[in-house]
Amino acid sequence: MPKATDTILELDLNALDNNYKYIISKISPATKLLAVVKAFAYGSDSVAIAKELETLNVDYFAVAYTTEGVALRDAQIKTPILVLHPVPANFEETVNRCLEPSIYSKKILKEFIAVAESKNQIDYPIHLKFDTGLNRLGFEINEIPFIAEMLSKTNSVKVKSAFSHLAASEDLSEKDFSVGQINSFRKISEQLTSQIGYKPLLHCSNTSGILNYPEAHFDMVRSGIGLYGFGNDKEHNKHLKPIGTLKTIISQIHNVAEGESVGYNRGFFASKPTRSATLPIGHADGIPRSYGKGKGWVTINDKKAPILGNVCMDMIMVDVTHIECEEGDEAIVFGPSAKADELSAAINSISYELITAISQRVKRVVCRK
Ligand SMILES: *Cc1c(COP(=O)(O)O)cnc(C)c1O
């Protein structure tokens, strides 16, 4: 890639292919792979990512909200799309755009069936979400008789899959809890299958579940963060490659004399002569204020340049006293060599939060490295 001339988020499709193949290598050929492309494919570009994954024959997509699924359908994505968190106001559109809802409560089941019936649907695919310990969304095991009863009275919908979500699959100190969730899910699946009279696809593993609990792959697995290059552990990270590189440039360099301050609220005071570089990226682009005052950094000419003072809306100033650089030089916020998980750890956050927060103002540039 040529050097950046503006703030951009570069997306490397070859890194995506690499990560897809690594995840596939961890599951049996009979197990389907669902790619989670919610939140603009974790802050990247859901259409570009979904198109590439479709060429790799991914089995399913998932988004969080109906509007995200609509964007994929508008871009001619044909693969089935599970909507993880639909709300009744979007049910009509969910059906109109061939999106498959996660059904997580009695109320949602009733209301979706009503919409499917009003639109004369037969066997419209739905996905039943069960809570096994996350306490976020999902039916309880004792609601299965209600589900079976509702389903016996209609042919408008058909259970394509039943699933659950692990609360701590990346945390091996919570192994007993995760195994407990997996066992509950197995029990739920058996009861559901016997009460509705057919076996839906079963799935409960996110990326860390795929990597840490091979016994819990069932019929399908759901990968988000792994596809974008993070495995939540050092060993797997060796094989995965972050797909995104957030780059910007040095707009201006200031020589700050001892005793002068830099930025809003005089967040930095120079205790010695300091060279400060101003970059066109700020909290409105997804760099939280909590990275200010030296907590966060960018990489310029392979050296770390810590953030000076407060993060502004559209700019940060970084310390380049010790770095040979000039106006127009490239600065890397994160990428394959300046990992988003390390930067996010500096403010007690996680890669997920940093990469999904890069705002739509930052131009996405798709490439193959
Ligand atoms: C976001 C999400 C995933 C993806 O999790 P990763 O840790 O990114 O692989 C899987 N399943 C559900 C229900 C989700 O909400």
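I began by fixing a term: a residue counts as buried under 20% relative accessible area, as exposed over 50%, and as partly exposed in between. I also noted that this is a predicted model.

**Lys38.** I looked up Lys38 first, and found that Lys38 lies in helix α2. Its relative accessible area is 26%, so I entered Lys38 as partly exposed. In the UniProt record, an unreviewed entry, the feature "modified residue: N6-(pyridoxal phosphate)lysine" is placed at this lysine, Lys38. Leaving aside residues up to four places away in sequence, I listed what Lys38 touches, namely Ala62, Val63, Ala64, Glu68 and Leu84.

**The ligand.** Which residues are closest to the ligand? I found that 13 residues surround the ligand, and that the closest are Lys38, Tyr42, Thr207, Ile225 and Tyr352. I then went through polar contacts to oxygen atoms of the ligand: an N or O atom in the side chain of Tyr42 is 2.5 Å from one, a polar backbone atom of Ile225 is 2.8 Å from one, and a polar side-chain atom of Asn206 lies 3.0 Å from one. Taken alone the ligand exposes 390 Å², and I noted that the protein buries 93% of that.

**Helix α4.** Since Glu68 appeared among the residues that Lys38 touches, I turned to helix α4, residues 66-74, where the buried residues are Thr66, Glu68, Gly69, Val70, Leu72 and Arg73. I saw that the buried residues of α4 pack against the helices α2 (38-43), α3 (46-55) and α5 (91-96), and also against the strands β3 (60-63) and β4 (81-83). My last entry concerns Gln76, which comes just after α4 and takes a positive phi of about 70°.

Key: Residues numbered from 1 in each chain as written. Predicted model: local features only at pLDDT ≥ 70, side-chain atom pairs only at ≥ 80, totals over all residues. Heavy atoms only, no water. Buried < 20%, exposed > 50% of the residue type's maximum accessible area, 1.4 Å probe, protein only. Helix = DSSP H or I, 4+ residues; strand = E, 2+ residues; numbered from the N terminus. Contact = heavy atoms within 4.5 Å. UniProt positions renumbered as here; feature names shortened; annotations may be inferred. Near = heavy atom within 4 Å. Polar contact = N/O pair within 3.5 Å; in protein donor to acceptor, adjacent residues only side chain to side chain. Areas by Shrake-Rupley, 256 points an atom, 1.4 Å probe, with all protein chains shown as cover.
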